[in-house]
Amino acid sequence: MRLKLQVLVSFIFAMSLVVFATLYDVKPGEIHTPVPFLQSQHRWADSLIRKLDRSEKISQLFVVIADADSADSDTTLSRYIQKYRPGGVLFRGYGANQQWKRTRIYQASSQVPLLIGMQPDHLPQDLIQIPGNLSIAAINHDSLFEQVGTAMALQGMEMGVNAYFLPTLYKNQTPENRNQISEKILKVGNILQSQRILAIPTDIHPYFPYERDSSRLDSLLRNYKMFSRAGISGFDLDPAIIQRIKLNSGKEAIVRNYLDANINYKGLVIGELVENDEPVEEQVKKMMKAGVDLIILKKEDMGQASSAIHNLMNRTILSGPELNEKVKRVLLAKSWSRVRTTYAEVLSKDTFDIDFGKNDLLRRKLIREAITIVKDNHDQIPFKRLKDRRFHVVTVGEKAPDLINQMRFYSEISESHQDRSQGKSLKPLNVRFLSGYNPVIIAFNEESPDPNRDEEFIQSLSELSASTEVVIIHLGEVTDLQAFTPENTLVQVYGNSELHQKLVAQAVFGGFSVNGMLPLTLGEGFVYGQGDFSPKTRLSYTIPEEVGLDSRYLSYIDSVVYEGIGSFAMPGCQILVAKSGQIIYHKAFGYHTYARKKAVKLTDLYDLASVTKVVGTTSAMMKMYDQGRIDPDDMLGKFFKNQMVTLDSVLRRDTVYFLADSILTNIEEEDTTTTDDSPIILVSQRENKGLRVDSFFLGDTVMVVTTHTRGRTTIKSPIFKLRLSELMTHHSGLPAGLPVRRYINYRNKRTGRYSLYYKPRKDSLHTIQVADGFYLRRDYLDSLWDDTKRIVPDRRKGYEYSDANMILVQMAIDSVNKEPIDHYLKRELFAPLGIQNARYNPRETLDEERLIPTEYDSRWRGQLLRGYVHDPTAAIMGGVAGNAGLFSNANDLAILFQLFLNGGTYGGEQYLRETTIQKFTQAQTGHRGFGFDKPPQSGGYIIGDAASLSSYGHTGFSGTCVWVDPEKELVFIFLSNRIHPRSQNWMLNTLRIRQRVHNVIYEAIANPLP
């Protein structure tokens, strides 16, 4: 009998579990968590209720809105708080610092600590928030929402926030994604509540309690049961629920009782007064009939709302015990969420500490991870083979400047725009014009074609898709995707802010991998969960926190730069830092000149000076080495037919002196140096009556030479016995530069003009422009080559930096290619990589306003140099030379050097072999690789002290520097015009600006984020 009884009891218990699980959708073994604040100590709440009079109890049911869009001052709302004593304040749209200050003021104005709340659509932009529900559904990485919850909890505790309203649960959702969204929101809510912060999902479905379709109701209830089981603190009702309540019906606490009966929910029920034709009193009555505990309202409505509840109590529609029950729930919620503690903390602290960098990073991740490639039928994204592309962006709706400007960091972009003026139909696309581009990117910015009134536009889009590749970027409601056909490549972005635009531009060019999925089904061709993956192939543009560094550390760069500008070390500069394939610092400082009329932009170009040696000459050499067309071990003579020279005036290397070696003290070693204009006479090591001693400015160097004036013989020039490796490591024994002295120093003694070699206007003979109104006779380049062949290398010397070395390498490259190096670089490297600004002779193709001036050349050209290469030898050679001539901005240089860091790949294509990069960048002799500079063992160089021995780069006389550290996956670029207006300005070196900036970067790496 006992056994039968035990079996019966067990059966009844099991059946009870089944019924319970069926009723509440509880899975086997699942625990229903009570609402945490209802389990807290009651002493404070009970004590306070006894002290409050009826008016004060009613006021505890009010949460007054503090709206940044209103014109209220701090004191205006404070007076309302002192008068009506509401239970809480709900902040909307204030910046973090503003909200912090107002919280202190409002808490000080209240006798009972206020419940401080924030809403998802109204959070300060510098604080982290949960994205919209469809964006949530598009994100595949659930761990992001745990990070969101942690960030929100930390900033909430720091700012004295007790309640977060979470995003909408139902809008635009379908059964297939509703559960997933709820789970992600619940991850955030659970973390918030673990830190004693109330989590309140908003806009509980308007069908409650009016839904008559039981199957649909069960589907809706399932998600709310999930929140109830987790012990969520409260639900914020959709206003439609309140509006549908009939005051003459007999049911009381309609919504509260419904929630209790259907999902066993006992937490806070919250409603908000809305602006409509219904009076405040009527809305308040409906809320009380619904069973609402907290009413969100404007300060102006508190008086009427209070009167309405008094009237209900006077008419016994609302009883005293019912009021006490509501107030007690509110006070328990306050007590559990530590309002008294946060109240005291907020009033005791003068500042708050929030890591805005981490918030910014998380915000970026949420936007980035939601971006969805809905369709990519032709494998277009990320864009490949840039040299074969002509990009055109058509923006439809609002203009999207941030989208287009970000794209221009990757490739050349042309653009056009149209909007829907006064509600008219969209104009058809100009198919004939746009067919000349590949691809055409159509960005719909808060606008979508309407099948009912945009038939011609839709037809033109179809025609365009048949004639060229089309990529659609949709910055708008995902539900509007139904306007498009699946034939196009289609990218969905869940917003159109500046950050949304910048990130989707990076996405389509491969700045980061794309993983988002379509958050709902929109009919045939658009199915929930679909989305094509796209890999990272190019640089991205982000913040230091992305790679584990602290933005606040790198901000010290700014102070170093401003010190340099304030000390007249340079008028301005560009600085770029890339770490692990991501640009984490990219800024322009100062002005083009000290006149401070034109600010430096990121798109402006600087004269790179000797950085040309690696960006131009060495890069071309590496590419040709890969192609098997040239080798560092080759002798120079391999590339030239006429190697004979008549010796009648030989520059002998043993009688050449470099002032950098002898008199330039107290100046850091620089790739190129100069001094003032004063002539310096040095005695030759070999006294000879036939020798004439003189000194002159030559390129980046002041040198002293002795010239033999007698004798004539024809021999094979000794320079052709040099190997390219000796030239590229500066172990050739050649002098500092080519023999260009006569072209620079000559003037007609009577007229003071350079009439022997130059003309002020271009003609059939004078075709080489070295400055405005300054043209060199082209045939003198032949004379310069003959003079160059007369140079006798001093093979007894070891390392000696020389511009002549890289010029000869460049001439060898041109000889093999049978074309100038600038043409070769553009075709083989620059255009394919998306390097669109780095170029020789930029005045020929770019607006002068983008070209940053260098020196005022009073000695030779008599003018301010802007877009003309500063280096005299490179100028004489037509602006294209192996030692100088390139102009660029920092962004384009970053692309090239990231290619090196990537082992020769970029944009999904292989441009160089990794072994080639290793060969050229490793130390060959001393602190030189093939073309590249290396850190000297003794230190004291322009680069940072912590740069690894595997690092490499180059500096430039004009105040430039590029440096790569493979061990840290680091690219550092510093561009300036420190030689403006005179090249004798050495303050950039004296203050060690470049080195100190580089050191800040290494310090940030040494002190990563916890």
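This report describes selected features of a predicted model, from the overall make-up of the chain to individual helix contacts, strands and loop residues.

## Overall make-up

The predicted chain contains 34 helices and 35 strands, and of its 1010 residues 59% are buried. When contacts between residues at least 6 apart in sequence are considered, 75% of them join residues that are at least 24 apart.

## A six-stranded sheet and its helices

One open sheet is built from six strands, arranged in the order β15-β17-β16-β35-β34-β33, and its pairing is mixed. At the edges stand β15 (540-541) and β33 (952-956), each of which pairs on one side only. Within this sheet, strand β34 (residues 960-965) runs antiparallel to strand β35 (residues 970-976), and five bridges join the two; D965 has L970 of β35 standing opposite.

Helix α31 (residues 890-901) packs on the sheet and touches β15, β16, β17, β33, β34 and β35, with a direction that makes about 155 degrees with that of β35. Helix α22 (residues 556-566) lies across β16 (572-579) and β17 (582-590), and runs at about 25 degrees to β17.

## Two helix pairs

Two packed helices are described by the angle between their axes and by the distance between those axes. For helix α12 (residues 280-290) and helix α13 (residues 302-314), the axes come within 9 Å and cross at roughly 55 degrees; an angle between 35 and 65 degrees counts as oblique, and α12 and α13 are therefore oblique to each other. Their crossing is right-handed. The residues that meet are V280, E281, V284, K285 and M288 from α12, and Q304, A305, A308, I309 and L312 from α13; by class, this contact has seven nonpolar, one polar and two charged residues.

Helix α23 (residues 612-626) and helix α29 (residues 821-833) form another packed pair, with axes 10 Å apart and an angle of about 65 degrees, and here the crossing is left-handed. On the α23 side the contact is made by V615, G616, T617, S619, A620, K623 and M624, and on the α29 side by I821, Y824, L825, E828, L829 and F830. Sorted by class, the contact of α23 with α29 has eight nonpolar, three polar and two charged residues.

## An enclosed strand

Strand β10 (391-397) has seven of its seven residues buried, so β10 is largely enclosed by the rest of the structure. Six bridges join β10 to strand β11 (residues 413-418), and these two strands run parallel. The bridge partner of V394 in β11 is S416.

## Cis peptide bonds

A cis peptide bond, with omega about 0 degrees, joins I381 and P382. P382 lies in the loop between β9 (372-375) and β10, the strand described above as largely enclosed. A cis peptide bond also joins H980 and P981, again with omega about 0 degrees, and P981 is found in the loop between β35 and α33 (987-990).

## Positive phi angles outside glycine

E446, a residue other than glycine, has a positive phi near 55 degrees. E446 sits in the loop between β12 (440-445) and α19 (455-467); with a relative accessibility of 46%, E446 counts as partly exposed, since that term covers values between 20% and 50%.

R992 is likewise not a glycine, yet has a positive phi of about 55 degrees. R992 lies in the loop between α33 and α34 (993-1006), and its relative accessibility of 37% makes R992 partly exposed.

## A buried loop residue

D933 belongs to the loop between α32 (914-921) and β33, where β33 is one of the two edge strands of the six-stranded sheet. With a relative accessible area of 1%, D933 is buried. Leaving aside neighbours within four places in sequence, D933 is in contact with H927, R928, Y941, S951, Y952, G953, H954 and W963.

The surroundings of D933 also involve a part of the chain that is distant in sequence: the C-alpha atoms of D933 and V614 are separated by 9.0 Å, although these residues are 319 apart along the chain.

Methods:
Residues are numbered from 1 along each chain as its sequence is written. This is a predicted model: local features need pLDDT of at least 70, side-chain atom pairs count only at pLDDT 80 or more; totals for chains, interfaces and linings use all residues. Side-chain values use heavy atoms; hydrogens and water are left out. Axes are lines fitted to C-alpha atoms, for helices over the stretch in contact, and angles run from 0 to 180 degrees between N-to-C directions. Helices (H or I, at least four residues) and strands (E, at least two) are DSSP runs, numbered from the N terminus. Angles under 35 degrees count as roughly parallel, over 145 as roughly antiparallel, 65 to 115 as roughly perpendicular and the rest as oblique. A crossing is left-handed if the near helix is turned anticlockwise from the far one by less than a right angle, and right-handed if clockwise. Contact means heavy atoms within 4.5 Å. Ala, Val, Leu, Ile, Met, Phe, Trp, Tyr, Cys and Pro count as nonpolar, Asp, Glu, Lys and Arg as charged, and the others, Gly among them, as polar. Two strands pair if DSSP finds at least two bridges between them. Buried means under 20% relative accessible area, exposed over 50%, partly exposed in between (1.4 Å probe, protein chains only).
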